[in-house]
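Hi everyone, thanks for making time for this. I'd like to walk you through one structure today, so have a look at the screen and stop me whenever you like.

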Amino acid sequence: MKNRIGIFTGSRGEWGYLRPVMEQMKINKVDFKTIIANMHLLPEKGFTYREIEKDGFKIDEKIYMNISGPDEISWSKSLGLLLMQLPDIINNLDIDILLLAGDRAETFIAANAAYYSDIPIAHIQAGELSGHKDGMVRHAIGKLAHIHFASNEDASNRLKRFGEQEFRIHNVGAPQLDDIVNQKLFSLNQLKKNLNSKIEKEFALCIVHPTSENPDECKDYVDLINKVCIAKKIQQIWIYPNNDSGSLKIINSIESSISERDLGFRSLNRKKYLSLLKHCKFIIGNSSSGILEAPSFKIPTINLGLRQRARIAAESVLDVEKPGFEKLKKALKEIESDSFQNKLKIVKNPYGDGKSSKRIIDILKKTKLNMNLRNKFVSEEDNDS
């Protein structure tokens, strides 16, 4: 009997994880159903469900869940609306395994819906460390998940220390790197034409997301990045943040501070985004893209604050935990140095080799939905299968 895989996605970020896996599903004729929610259906986030359809995937269910409001309570209520709808959808689509990626709040809600509907969960990027609430959510999903797809040995070992049974853990790498290896990206001239924008030869790719630890600090990052880029005469290209609490303050800061020379995009499809990353002088902010994807292009990352705290990082990543103007100037000077540039030439990405999706599909195809898989046993003393 073939398993029907359910795929849930609520944001453009995790779509980067899932898209290459779904491509492999099509190639391998795996039966799957796609459920989308949250940012994919928001006009202010660019209606990114259209990107999914343009990539050739059928969307089986759309879940409208968002309540607008100025604080965290609105987001909590939105998540409640998602949980009310998901169990019926999972049941109606006759899903055997739910595939989830990453560490977002809506992903955690999807894990809850599947777990209490007795549907096994497979989790991409399990076991990693990060700051913010996301790090806690990732591990909470891990406790509910039945199959763990880790992106590196560090994450795999952490899952074992958490008491997860070894037969559930698979070190497959990060599937979002597959697009970098396998997809032909735009040249700089093609990118200018596709984005209909004046992109300079040297530009900084800037991404700041809100955190719960200090929301106002992330807003201040925008002003700092703007000031240091102006001082260094570097064009800024901004990708707007996700829709977590505090994102509106960051967006307002971006729109009020950048000049006509700079660019801002609410959302970009995967190919355009990766092409920008490939051609930028450096990426700056607190996005996981600077940790996970930039090293594959040998692009420097200036990682601000604690959002990506304790994550395994390549030597192309420069951490600035308490950013200030002088610290950022110093960071820019360091990434331009001969020693750092020489280091970039030989840097290796610790998150995989661009072949993760095939490994994930091979494992899912072989998965047997027996009681050994369904009944999780977690113990620090005994984590044998």
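Let me start with a quick one: does Lys 29 count as buried or exposed? Lys 29 counts as exposed, because its relative accessibility is 70%. And before we go on, please keep in mind that what you see is a predicted model.

Stay with Lys 29 for a moment. You'll find Lys 29 in the loop between α1, which covers 12-27, and β2, which covers 32-37. Its phi is near 55°, a positive value, and this is a residue other than glycine. There's another residue like that further along the chain: Ala 310 has a phi near 70°, again positive in a residue other than glycine. Ala 310 also sits in a loop, the one between β12 (301-304) and β13 (317-320).

Those two strands take us to a sheet. It's an open sheet of six strands, and the order across it is β10-β9-β8-β11-β12-β13, with parallel pairing. Which strands stand at the edges? They are β10 (263-265) and β13, and each has a single partner strand, so one side of each is left without a neighbour in the sheet. If you look at how neighbouring strands sit against each other, they're turned by 20° on average, ignoring direction. Now zoom in on one pair: β12 and β13 run in the parallel sense and are joined over four bridges. To pick out a bridge you can find on screen, Leu 304 has Val 320 in β13 as its bridge partner.

Next, the holes inside. How many cavities of 30 Å³ or more does the structure hold? The answer is three. The largest cavity has about 620 Å³ of space in it. Its lining takes 35 residues, and the ones nearest the centre are Arg 12, Gly 13, Glu 14, His 209 and Ser 288. The elements giving two or more residues to that lining are α1, α5 (132-144), α11 (270-279) and α12 (289-292). We've met α1 already, and here α1 gives the most, with six residues. By class, the lining of this largest cavity splits into nine nonpolar, 15 polar and eleven charged residues.

The second largest cavity has about 40 Å³ of space. Among the residues lining it are Ile 207, Ile 283, Gly 285 and Thr 301. And our sheet comes back here: β11 (282-285) and β12 each supply at least two residues of that lining. What about the classes? The lining of the second largest cavity has four nonpolar residues, six polar ones and no charged ones.

Okay, from cavities to pockets. The largest pocket has a volume of about 960 Å³. It's lined by 36 residues, and nearest its centre you have Asn 243, Asp 244, Ser 245, Gly 246 and Ser 247. The elements that put two or more residues into the lining are α3 (72-92), α4 (105-115), α5 and α10 (247-257). Which of them gives the most? That's α3, with six residues. Sorted by class, the lining of the largest pocket comes out as 13 nonpolar, 13 polar and ten charged residues.

Then there's the second largest pocket, at about 310 Å³. This one has 15 lining residues, with Glu 51, Lys 54, Leu 268, Asn 269 and Arg 270 closest to the centre. Both α2 (49-54) and α11 supply at least two residues each to that lining. By class, the second largest pocket is lined by two nonpolar, five polar and eight charged residues.

Last topic: cysteines. As a reminder, a disulfide is a covalent bond between the sulfur atoms of two cysteines. This structure holds zero of them. So why doesn't Cys 229 bond with Cys 206, its closest cysteine by sulfur? Their sulfurs are 5.0 Å apart, which is too far for a bond, because a disulfide needs the two sulfurs within 2.5 Å. For Cys 218 the closest cysteine sulfur is also in Cys 206, but at 14 Å, again too far for a bond. As for where they sit, Cys 229 counts as buried because its relative accessibility is 0%, and Cys 218 counts as buried at 2%.

That's my tour, so over to you for questions.

Key:
Residues numbered from 1 in each chain as written. Predicted model: local features only at pLDDT ≥ 70, side-chain atom pairs only at ≥ 80, totals over all residues. Heavy atoms only, no water. Buried < 20%, exposed > 50% of the residue type's maximum accessible area, 1.4 Å probe, protein only. 1 Å grid on protein atoms, 1.4 Å probe; cavity = no way out; pocket = protein on both sides within 12 Å on 5 of 7 lines; lining within 4 Å. Points joined across faces, edges and corners; volume = space filled by probe spheres on them. Nonpolar A, V, L, I, M, F, W, Y, C, P; charged D, E, K, R; others polar. Pairing = 2+ DSSP bridges. Axes fitted to C-alpha atoms, helices over the stretch in contact; angles between N-to-C directions.
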